[in-house]
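Hi,

Here is the structure I promised to pass on. Have a look at it first, and then read on for what I found in it.

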Amino acid sequence: MTYCLLLLSVVAVTAAVPVPRALTRTKWPEREPAVALWVWQCLVATVLLCCLTALALGAAAVFGTVRAQLFAPAPPAVTAAYDLSHASPWTTVLTVLLACGAAWTTAVLGRELVEARRRRARARAHLRDRAPDLPAGLPEGRGPLLVLEEEYPDAWWMPGSPPQLIVTTGALQRLTDHQLDAVLTHERGHARARHDWLLHLSAALAAGFPRIPLFAHFCEQTHRLVELSADDTASRRCGHLTTALALIELNQHRGVLSCSSSHRLLGERVDRLLEPPPRLGRRHRALTTAAASLVPLVPLLITFAPGLTALP
């Protein structure tokens, strides 16, 4: 059991510190943002699984009740293989730390979900106030697309049940039909990929554990990669040039081509659309996705290895 905890700690530290730092220095995520998002999710899942399985083993070693419940269906040889009869002091300390971390993670995730629901409710109430009144006889429920009277061009996606696309009259007047199609396809790409859940998860982990490089980089990269991924969705349907022009027209009043840090991502997105980077081959994308999917299995294999070797 001691070796399992040590291996799980090594895997968690490796996935939480050097790997994300190395990943942020590579260039391929810009070419394949959807694959990069999956790699980041697999790294986060690996760290969380390492902590969860280590907590389960540590709690089984420290508390006899937990051990009896956890290994109740297992034969005696499996229980003996984990050597849970006594717990060293460092195992007890590690278990307490992991339990506190699990409680804190649950708290920050719950707080993020509650705050997100409140923000969404306030935004929907604001939209109801700004939305034009429907003629008498039409149903009161709003459709999937809501048009607001607004001078400035804008369009965004409101997550919820059901999700809703909002576009202003300024965008309808300034954008061509193809450009408007690109903007709406971009927003639908966010909705189909459920990017709101990724943003909530990354924000909660970064706020709860700001000093862990993986969670800090995960939050930063998620905000960037979801936009690049949605840009790719729009450019595949409407073309790179049309999507770039739509992005410029939609954000021109915000200074999309300025050098300020708040608008730097918009400029990078425009440059990327005007000069698309070379994409990875289909085989390389498949291999990268498969390799990333196998990484979260490592803590599970470490945890179950002693029990599997003890089986006849």
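A good place to start is Thr95, which touches Leu55, Gly58, Ala59 and Val62, leaving out residues up to four places away in sequence. Thr95 sits in helix α7, which covers residues 89–130. Is Thr95 buried or exposed? With a relative accessibility of 6%, Thr95 counts as buried, because the cut-off for buried is under 20%. Before you go further, please keep in mind that this is a predicted model.

Now the overall picture. The protein has 312 residues, and 40% of them count as buried. Its secondary structure adds up to 15 helices and three strands. If you put a box around the C-alpha atoms along the principal axes, you get roughly 75 × 50 × 35 Å. The protein exposes about 17300 Å², and 63% of that comes from carbon and sulfur atoms. Taking the contacts between residues at least 6 apart in sequence, 68% join residues that are at least 24 apart. As for charge, there are 31 positive and 24 negative charges, and their mean positions lie 8 Å apart.

Next, a run of helices that I'd look at together.

Let's take α10 (195–208) to begin with. What span should its 14 residues have? At 1.5 Å a residue the expected value is 20 Å, and the end C-alpha atoms of α10 are indeed 20 Å apart, so the two agree. The buried residues of α10 are His195, Asp196, Leu198, His200, Ser202, Ala204, Leu205, Ala206 and Gly208. Their cover includes α4 (33–62), α7, β2, α9 and α11.

The loop between α9 and α10 holds Arg194. Its phi is near 55 degrees, which is a positive value in a residue other than glycine. Arg194 has a relative accessible area of 33%, so it counts as partly exposed, in between the cut-offs of 20% and 50%.

Then comes α11 (213–238). Its 26 residues should span 38 Å at 1.5 Å a residue, and the end C-alpha atoms are 37 Å apart, which agrees. Where does α11 bend? The bend is at Thr222, and it comes to about 30 degrees. After α11 you reach Gly239, where phi is positive, near 100 degrees.

On to α12, residues 240–251. For its 12 residues the expected span is 16 Å at 1.5 Å a residue, and the end C-alpha atoms are 17 Å apart, in agreement with that. Which residues of α12 are buried? They are Thr243, Ala244, Ala246, Leu247, Ile248, Leu250 and Asn251. Among the elements that cover them are β2 (155–158), α8 (169–174), α9 (177–193), α11 and α13 (264–274).

Two neighbours in α12 are worth a look side by side. Ala246 belongs to this helix, and at 1% relative accessibility it counts as buried, because that is under 20%. Leaving out residues up to four places away in sequence, Ala246 touches Leu175, Gln179, Ala182 and Val183. The C-alpha atoms of Ala246 and Thr176 are separated by 8.3 Å, although the two residues are 70 apart along the chain. Leu245 is in α12 too, but at 38% relative accessibility it counts as partly exposed. From Leu245 to Tyr3 there are 242 residues in sequence and 57 Å in space, C-alpha to C-alpha.

One last residue, this time from a strand. Met158 is found in β2. Its relative accessibility is 8%, so Met158 counts as buried. What is Met158 in contact with, leaving aside its neighbours within four places in sequence? The answer is Arg120, Ala123, Arg124, Leu127, Pro163, Gln164 and Ile166. For one of these, Ala123, I also have the distance: Met158 and Ala123 are 35 residues apart in sequence and 8.5 Å apart in space, C-alpha to C-alpha.

That's what I have for now. Over to you!

Best wishes

Technical notes: Residues numbered from 1 in each chain as written. Predicted model: local features only at pLDDT ≥ 70, side-chain atom pairs only at ≥ 80, totals over all residues. Heavy atoms only, no water. Helix = DSSP H or I, 4+ residues; strand = E, 2+ residues; numbered from the N terminus. Expected span 1.5 Å × (residues − 1). Buried < 20%, exposed > 50% of the residue type's maximum accessible area, 1.4 Å probe, protein only. Contact = heavy atoms within 4.5 Å. Areas by Shrake-Rupley, 256 points an atom, 1.4 Å probe, with all protein chains shown as cover. Lys, Arg positive; Asp, Glu negative; His and termini not counted. Charge placed at Lys NZ, Arg CZ, Asp CG, Glu CD. Bend = angle between axes of the 7 residues up to and from the residue.
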